[in-house]
Amino acid sequence: MKPAFNTPDWVLAALQQRRQHDLMRRTVTLASPQVPHAVIDGQDYTSFCSNDYLGLANHPELVRAMQASAQQYGVGGGASHLVCGHLAPHQQLEEALADWLGYERVLLFSTGYMANLGVISALAGKGGVVQDKLNHASLIDGALLAQAPLRRYLHADVVSAEKLLSKSANSGLLVTDGVFSMDGDLAPLSALSRLAAEHQWMFMVDDAHGLGCLGENGRGSLSLEGLDSASLPILVGTFGKAFGTAGAFVATSHDYADYLTQFARPYIYTTAMSPAIAGASLASLQVIQSAEGQERREQLASHVSYFRQRMQSLPITLMASDTAIQPIIIGDSKAAIQVSDALRSLGIWCTAIRPPTVPAGSARLRITLSAAHSEADLVLLCDSLEQVLTTED
Ligand SMILES: *Cc1c(COP(=O)(O)O)cnc(C)c1O
């Protein structure tokens with residue numbers, strides 16, 4: 001007789017709770033690459049919720065580079081970086097990133113989530129971690145893994161951050177998103193950098209949504225705020241968004257890189273990223289640094305300003321964002337799902353984002369724009385929003 005396993009009641013109760021509050025999540029399957037015109041459940045949609053801000057996820061150069069890299073180096077890393085999984089494409093990518101951003105060293109991680117867990121858990125000093133209330137979940141989880149004190153300041157509020165640093169007997173790590181992932185606004189990086197320096201705290205920025213899209217040469221929030229490796233010693237970037245591939249990195253000094261190589265567990269105890277992905281990411285960096293990359297950034301910026309201008313006449317409050325992330329706050333989770341469904345019936349795909357990803361009562365459409373959208377796509381989006389948000393009541 002087979003042993004029978006019953007699903008524990010608390011698992012079923014947790015699911016039921018999510019359903020009752022319109023918070024149940026599920027995956028949908030795309031039958032197409034990650035492009036603005038995606039095929040989902042057999043239907044064509046224009047999608048406005050991908051993080052492929054520059055339209056590189058399905059770029060022919062990247063696809064070719066990945067194939068070439070796989071031909072030469074294979075598909076699997078085969079071991080962790082420290083055992084024997086650090087292949088030539090990894091090294092080339094690290095060096096090219098260090099050059100681009102002006103840092104001594106770069107270390108690759110398999111995902112942004114793991115980079116943040118690794119860096120924060122290794123570097124949270126006695127003073128622990130102080131971070132923005134709206135920081136990405138992976139930054140929060142890094143502090144949990146560190147088992148260090150975690151304190152959060154009011155969103156983008158330097159005075160609130162200063163209070164926490166002043167109260168702390170020991171120095172630790174000050175951490176912020178560069179561009180906030182659910183709101184699209186920018187952190188006050190240069191003020192935070194000064195604050196950290198005054199208090200002798202380490203300073204770390206996660207620029208998952210800025211790198212590639214913003215600043216000179218696509219160098220992100222760092223460049224917008226005039227920071228460099230001295231004023232921003234620990235910079236995390238990811239490849240899953242504007243780079244259109246997968247994985248992440250930390251750009252830092254020799255000393256921190258050596259230290260993380262010894263002590264960042266999510267760097268040490270995991271297989272190196274696929275060398276084919278490293279090859280594709282290097283090709284992506286080359287596009288980002290080229291004239292084509294610049295054109296893509298300009299196209300994206302022009303979509304952002306068109307969108308914001310069209311939204312002014314609607315009964316909504318736009319967030320203070322000039323980035324590709326343009327959220328429309330709906331509030332109630334059920335209402336957010338209804339708006340998302342109404343848009344879907346007009347051929348627009350934009351998943352509603354609900355708590356606990358965003359604070360309670362702030363369910364939203366997290367509209368994201370991409371250089372790969374056409375002007376006609378933007379017109380369709382704005383016309384559809386106009387229709388849905390003005391007939392809604
Ligand atoms: C997406 C994201 C991450 C996680 O990166 P992955 O490579 O997707 O794991 C980390 N930080 C921020 C701010 C993000 O938006």
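Begin at the ligand and select Y113: a polar backbone atom of this residue lies 2.9 Å from an oxygen atom of the ligand. The structure on display is a predicted model, and every stop below refers to that model.

**The ligand and its shell**

Keep the ligand in view and add D206 to the selection. An N or O atom in the side chain of D206 stands 2.5 Å from a nitrogen atom of the ligand. Next, add H209, whose side chain places an N or O atom 2.4 Å from an oxygen atom of the ligand. With these contacts displayed, turn to the surface: the ligand taken alone exposes 370 Å², and the protein buries 82% of that.

Now extend the selection to the whole shell, counting residues with a heavy atom within 4 Å of the ligand. It comprises 14 residues, of which G112, Y113, D206, H209 and K241 come nearest. Colouring the shell by class gives 2 nonpolar, 9 polar and 3 charged residues. Which helix gives the most to this shell? Select residues 112-123: this is helix α5, which contributes 3 residues.

**The two domains**

Zoom out and colour the protein by domain. Domain 1 is made up of 28-53 + 292-392, and domain 2 covers 60-289. The contact between them draws 21 residues from domain 1 and 21 residues from domain 2. Placing a marker at the C-alpha centre of each domain shows a separation of 27 Å.

How much area is buried between domain 1 and domain 2? The value is about 1400 Å², with carbon and sulfur atoms giving 60% of it. On the domain 1 side, select Y53, R297 and T323; these residues lose the most area to domain 2, and together they account for 36% of what that side buries.

**Two backbone stops**

The last selections concern backbone geometry. Most residues other than glycine have a negative phi, and most peptide bonds are trans.

Go to the loop between β1 (37-40) and β2 (43-47), and select D41 there. Phi of D41 is near 50 degrees, a positive value in a residue other than glycine.

Then move to the loop between β12 (352-353) and β13 (363-368), where P356 is found. Select P355 together with P356 and display the peptide bond that joins them. Is this bond cis or trans? The bond between P355 and P356 is cis, with omega at about 5 degrees.

Key
Residues numbered from 1 in each chain as written. Predicted model: local features only at pLDDT ≥ 70, side-chain atom pairs only at ≥ 80, totals over all residues. Heavy atoms only, no water. Polar contact = N/O pair within 3.5 Å; in protein donor to acceptor, adjacent residues only side chain to side chain. Areas by Shrake-Rupley, 256 points an atom, 1.4 Å probe, with all protein chains shown as cover. Helix = DSSP H or I, 4+ residues; strand = E, 2+ residues; numbered from the N terminus. Nonpolar A, V, L, I, M, F, W, Y, C, P; charged D, E, K, R; others polar. Domains from an automatic or database assignment. Contact = heavy atoms within 4.5 Å. Buried area = accessible area lost by both parts, 1.4 Å probe.
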